[in-house]
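User: Could you take a close look at one part of this model for me? I'd like to hear about the last helix and what it packs against, plus whatever sits around the ligand.

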Amino acid sequence: MSSRHWMFAAVFGTGLLLVANHSAAEPKQALLAFADPVESKDDDRHKWNGLPPGSGREDVFYTCQTCHSLQIVKQQGLGRSSWDETLTWMVEEQGLKEPDTQVRERILDYLAEHFGLGR
Ligand code: HEC
């Protein structure tokens, strides 16, 4: 289990405990524990393992974490051509199945925009 999953388990577990403790006396407040605005804003990213919304997000999500964590992708800040080289490297040396041209373009656009230089 990745550390993110543990974190989610911890947060979720705490939420359940809050509900369990409060449900008798203050049911409304207990529900509000789940409606923490900071949390719900992060829900979307959490679902996509921290990938910000945008065209290509799904492609990266499903293509790039079959072998390793998305963390290794997200921590990079590369120009489009360097991302292009990275993908070629993944295909030629690491066993990534060459994505369709369209998918590859979407992945490169997405990575260059969200995990590009100077972010
Ligand atoms: C078939 C398995 C596989 C898939 C799928 C895969 N990778 Fe990798 N990737 C690897 C391996 C193995 C390494 C570690 C290579 C090494 O450090 O020698 C790696 C390392 C990386 C690194 C780190 C490079 C560095 O400088 O340390 C990046 C960035 C990366 N992958 C991006 C991607 C992206 C983006 C995708 C999706 C398009 C992807 N990978 C899909 C196997 C894969």
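Analyst: Here's a walk from the whole chain to the last helix, its core and then the ligand shell. Keep in mind that this is a predicted model, where local features need pLDDT of at least 70, side-chain atom pairs count only at pLDDT 80 or more, and totals for chains, interfaces and linings use all residues. Residues are numbered from 1 along each chain as its sequence is written.

The chain has seven helices and zero strands, with helices being DSSP runs of H or I of at least four residues, strands E runs of at least two, and both numbered from the N terminus. Of the 119 residues, 10% count as buried; that takes 20 or more other C-beta atoms within 10 Å of a residue's own, while 12 or fewer makes it exposed and anything in between partly exposed, with C-beta atoms placed from the backbone.

Now for α7, residues 101-114. Its 14 residues should span 20 Å at 1.5 Å a residue, and the end C-alpha atoms are 20 Å apart, so the two agree; the expected span is 1.5 Å times one less than the number of residues. Buried in α7 are Arg106, Ile107, Leu108, Tyr110 and Leu111, and these pack against α4 (57-63) and α6. Contact here means C-beta atoms, placed from the backbone, within 7 Å.

That leads to the largest nonpolar core, which has nine residues: Leu51, Val60, Cys64, Val73, Trp83, Ile107, Leu108, Tyr110 and Leu111. α7 supplies the largest share of this core, four residues. A core is a set of buried Ala, Val, Leu, Ile, Met, Phe, Trp, Tyr and Cys residues joined through C-beta atoms within 7 Å. Leaving aside neighbours within four places in sequence, core member Leu51 is in contact with Arg45, Arg57, Val60, Phe61 and Leu70.

Core residue Cys64 also turns up at the ligand: of the 15 residues around the ligand, Cys64, Cys67, Gln94, Gly95 and Leu96 come nearest. A residue is near if its C-beta atom, placed from the backbone, lies within 6 Å. α6 (80-94) gives the most to this shell, four residues.

Leu96 sits in the loop between α6 and α7. It counts as partly exposed because it has 17 C-beta neighbours inside 10 Å. Not counting residues up to four places away in sequence, Leu96 touches Met90 and Val91. The C-alpha atoms of Leu96 and Thr63 are separated by 8.3 Å, though the two are 33 residues apart along the chain.

Notes:
Two residues are in contact if their C-beta atoms, placed from the backbone, lie within 7 Å.
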